[in-house]
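Student: I am new to this model and would like a close look at a single part of it. Could you take me through that part slowly, and show how it sits among its surroundings?

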There are 2 protein chains.
Amino acid sequence: MANVQYPSILLEKAVNEFAKLPGIGNKTAMRLVLHLLRQDTATVEAFGNSIIKLKHDVKYCRVCHNISDTETCNICSNPRRDPSTVCVVENIRDVLAIEATQQYNGLYHVLGGIISPMDGIGPKNLEIDSLVERISQGEVKEVIFALSTTMEGDTTSFYISRRLKDYPVKLSVLARGVSVGDELEYTDEVTLGRSIINRTPYATS
Amino acid sequence: MANVQYPSILLEKAVNEFAKLPGIGNKTAMRLVLHLLRQDTATVEAFGNSIIKLKHDVKYCRVCHNISDTETCNICSNPRRDPSTVCVVENIRDVLAIEATQQYNGLYHVLGGIISPMDGIGPKNLEIDSLVERISQGEVKEVIFALSTTMEGDTTSFYISRRLKDYPVKLSVLARGVSVGDELEYTDEVTLGRSIINRTPYATS
C-alpha cells in the first residue's frame, strides 16, 4: 500500500498514528482503524481516552518505581510481602512476569532500563542511586538480580554489586539452566555447561 | 500472562482496550501501552484523539459511500474521472487497493459488505438499493464487479446482476487467472481451468 491516496485526511492521520506503534505497519494500522470505525462512538471514546487518562494520571511508586495508581504501589504497601528481599528488574513487564509465577513474595526495584553505552544509557539514567539509598537503610537482607542474560544485563548487575559491596546484604541472581520443556540437543553450549556446573540435588517428591 | 495482577487499574484498562483490537493479544497490548507511556503527553494525546476525531467527524460519500471528509468524496467529485464506469466493491480497503494499482479511472460503489446469510447480512443491509437508484439515472454505462472470489462474493454479484437486468448497462467482472509471479504447478485447478478457457491473445510488445 505504498503511495496510498487516502480518501480522508482524518483517516490518514489516524492510520499514521497507529502505524507509529512498534510492530504495526500501514496495512495493520488501516485494519485496526477501520475496525474501530465500525464500533459505536462510546467504544471508540473509551479506547482513545483510556490511553490519554493513563498518561495523565499514571504514578510511579516512590519506593520501587513500579507503575502505580498511588504514591506507594500495592506490592510495596502490602504487609504480607517480605520487605527484606528486593528483586532488581529492568522494567514493569518483568515485574508482571515474575508476579505471574506466584513464586516470589518479596519486593521489587524497577531500574527503568539497563546500562547500555550503545544507546547512551548509563547508571545515572537508571534508578540505581535510589536502590543504594534503599539498601543503606538496613532493612533489606537480600538483593536478587533478575536482569536479562545479556552483556548489558550482566554489566548492570556487576555495576550494582560494586555499589553495594560495603553493605551487609546478600546478592543472588536468577538460576540459569535448561528451560523447562527444552530439548537438550538444542540447548546452547554455554547454558548447558552452566547447568552441569550448577546442578542441583535430584528430588523425586 | 494469564491472571496478571496489574499494578495499576489505569494500566489494566488501557491494556484491555488495546487487547480488544483484532489480532492484538494481551502481551502485545501491554507492549503497545508501555510504548505509548514512554512517549510525551502531546504524542499520546495526538494518538488517542486521532481516532476519536475520526469517529466523530467521518463522513461517507453520498454517491459511492466511500469514506470522505466531505459530502461527496474526492473520487466522485473529480471531473477527470470517468462517471460512466462504476466499480462495485465490498469495502473501503478494496477502493484503496484498486486505487493503488493506478489502472482504474472510473468511480466506485462501496457496498459495505457482501451478502452472507451465515452472518445475517442480506441485501437490505448493503448499499444495493442506492446502486440500483444510481444506475437508473442512466449516466452509468458499465458496472464492474470487484468482489471476493468466494461463494458470498459470487452470490452478491449474481443478486446485483438480477436487480440490474432491465437497465441498459454492461456488466463485467475482474479477470480471474494465474497470479503474476505464481508457479503454475501450485495454482489451484479451478483457477488454472478458468485461465485456459479465458486465455487472451499473446502480445509481445
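Tutor: In this predicted model, A:Gly48 is the residue of chain A that comes closest to the rotation axis, its C-alpha lying at 2.0 Å. The axis in question belongs to a rotation of 180°, with 0.1 Å of shift along it, that superposes chain A on chain B with an RMSD of 0.1 Å, and that is the relation of a two-fold axis. Because 100% of the interface residues of chain A are also interface residues in chain B, the copies meet through the same surface.

Turning to chain B, helix H3 covers residues 41-57, and its 17 residues reach 23 Å from the first C-alpha to the last, which is close to the 24 Å expected at 1.5 Å a residue. H3(B) nevertheless bends, by about 25°, at B:Asn49. On either side of that position there are buried residues, for B:Phe47, B:Gly48, B:Ser50, B:Ile51, B:Leu54 and B:Lys55 are all buried in H3(B). An α-helix has 3.6 residues a turn, so residues three or four places apart point the same way. The cover over the buried residues of H3(B) includes helices H1 (9-19), H2 (26-38) and H3 (41-57) of chain A, together with helix H2 (26-38) of chain B.

As for the wider setting within chain A, the domain assignment gives domain 1 (9-57) and domain 2 (67-173), and the C-alpha centres of these two domains of chain A lie 34 Å apart.

Terms used
Residues are numbered from 1 along each chain as its sequence is written. Chains are lettered from A and ligands numbered from 1 in the order in which they are written. This is a predicted model: local features need pLDDT of at least 70, side-chain atom pairs count only at pLDDT 80 or more; totals for chains, interfaces and linings use all residues. Helices (H or I, at least four residues) and strands (E, at least two) are DSSP runs, numbered from the N terminus. The expected span of a helix is 1.5 Å times one less than its number of residues. The bend at a residue is the angle between axes fitted to the seven residues ending there and the seven starting there. A residue is buried if 20 or more other C-beta atoms lie within 10 Å of its own, exposed if 12 or fewer, and partly exposed in between; C-beta atoms are placed from the backbone. Two residues are in contact if their C-beta atoms, placed from the backbone, lie within 7 Å. Domain bounds come from an automatic or database domain assignment. Copies are superposed by least squares on the C-alpha atoms of residues with pLDDT of at least 70 in both.
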